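Me: I should like to go through the terms used for a protein model and ask what each one rests on. Please set each value against its definition.

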Amino acid sequence: MAGTPKKNLMLFGGRAYPELTEEVAKHLNVTVTPQSAYDFANGEIFVRFEESVRGCDAFVIQSHTAPINQWLMEQLIMVDALKRASAKRITVIMPYYPYGRQDKKHRGREPISARLVADLFKTAGADRLVSVDLHTAQIQGFFDGPVDHLWAMPLLADHIRDKYADRDITVVSPDSGRTKLAEKWADTLGGAPIAFIHKTRDPLRPNEVVSNRVVGNVKDRLCIVIDDMVDTGGTIAGAVKQLLDEGASDVVIAATHGILSGPATERLENSGAREVVFTDTLPIPSEKRSPKMTVLSIAPLLARVIQEVFEDGSVTSLFDGNA
């Protein structure tokens, strides 16, 4: 019997950051599919969805905050449950890609954990991955299927442009490895000059920076220090101090993922930066926030991407063809 297949979007969220899933659901005008999820006494995770998912286009959101291994495993189990319940297509949305910093072997006998994570999701049954500002772009090639690599730069740059339009801006990369990203930022901000911080190391003192120097003109300018993530805050706080020592009039930190482990918030607060801007790809609880901190919502972007994927539209068009 001939019939027209109906597409059915269903949204699922893990327990790591339910507020983000609910906000995405509001932008999409859908409800989050109810589920039972709990831990057994020995730490094993159980997930069961309370509605039929047969034939649906499933979007599974999880924010990989601490404890990262628990939330990674929970999302894998959710994907497995959807596959075994006959979901038609499963899209994994991980705003922050777990283990993204381990994307290559620096020395022998090291893992490439970012590839392992991609393999785990493929084996679990994921058809597509969506992530925001991967630590390195080549992680897209680790997953054997479509990967939508989203940029938070337009969101962050719009905030900077609106708030500091009357200032002379220099975009600063905290190390030489992010100069390409700094160039994209500079173009977005109307051709602002760029600078980067060159780190000098003593080969006899591994993992220890001996001295820094700023390459580029920062004197009497507002410096926007850009990065994909801030974990313990040591590197970025050091960059702020170096820029102020070099004569920068003000420094603003703009990063996508606020991991903020350990003393990070205190370091950022005492760094001398005028403002610290993050997106909420990871939850930033009130105890980790400070008066200098601005947190922008990533939910509208995720909702637009989900809509484009569901309707077989173009995700690239959301980024002027550059993503």
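The questions below move from the whole chain to a single residue of this predicted model.

Me: What makes the radius of gyration of the protein chain agree with that of a compact globule?

Reply: For 323 residues, the rule of 2.2 Å times the number of residues to the power 0.38 puts a compact globule near 20 Å. The protein chain has 21 Å, and therefore the value agrees with a compact globule. Along the principal axes, its C-alpha trace spans about 75 × 45 × 35 Å.

Me: Which secondary structure elements does the protein chain have, and how many of each?

Reply: The protein chain has 8 helices and 14 strands. Of its contacts with a separation of 6 or more, 63% join residues 24 or more positions apart.

Me: What share of the residues is buried, and what share of the accessible surface belongs to carbon and sulfur atoms?

Reply: Buried residues, those under 20% relative accessible area, make up 48% of the 323 residues. The accessible surface comes to about 15,800 Å², and carbon and sulfur atoms hold 48% of that area.

Me: Why is T170 called buried?

Reply: Buried requires a relative accessible area under 20%. T170 has 0% relative accessibility, and therefore counts as buried.

Me: Where is T170 found, and with which residues beyond its neighbours within four places in sequence is T170 in contact?

Reply: T170 is found in strand 8, residues 169-173. Contact requires heavy atoms within 4.5 Å; the partners of T170 are P193, I194, A195, N217, V218, R221, L222, C223 and I224, leaving aside neighbours within four places in sequence.

Terms used: Residues numbered from 1 in each chain as written. Predicted model: local features only at pLDDT ≥ 70, side-chain atom pairs only at ≥ 80, totals over all residues. Heavy atoms only, no water. Helix = DSSP H or I, 4+ residues; strand = E, 2+ residues; numbered from the N terminus. Buried < 20%, exposed > 50% of the residue type's maximum accessible area, 1.4 Å probe, protein only. Areas by Shrake-Rupley, 256 points an atom, 1.4 Å probe, with all protein chains shown as cover.
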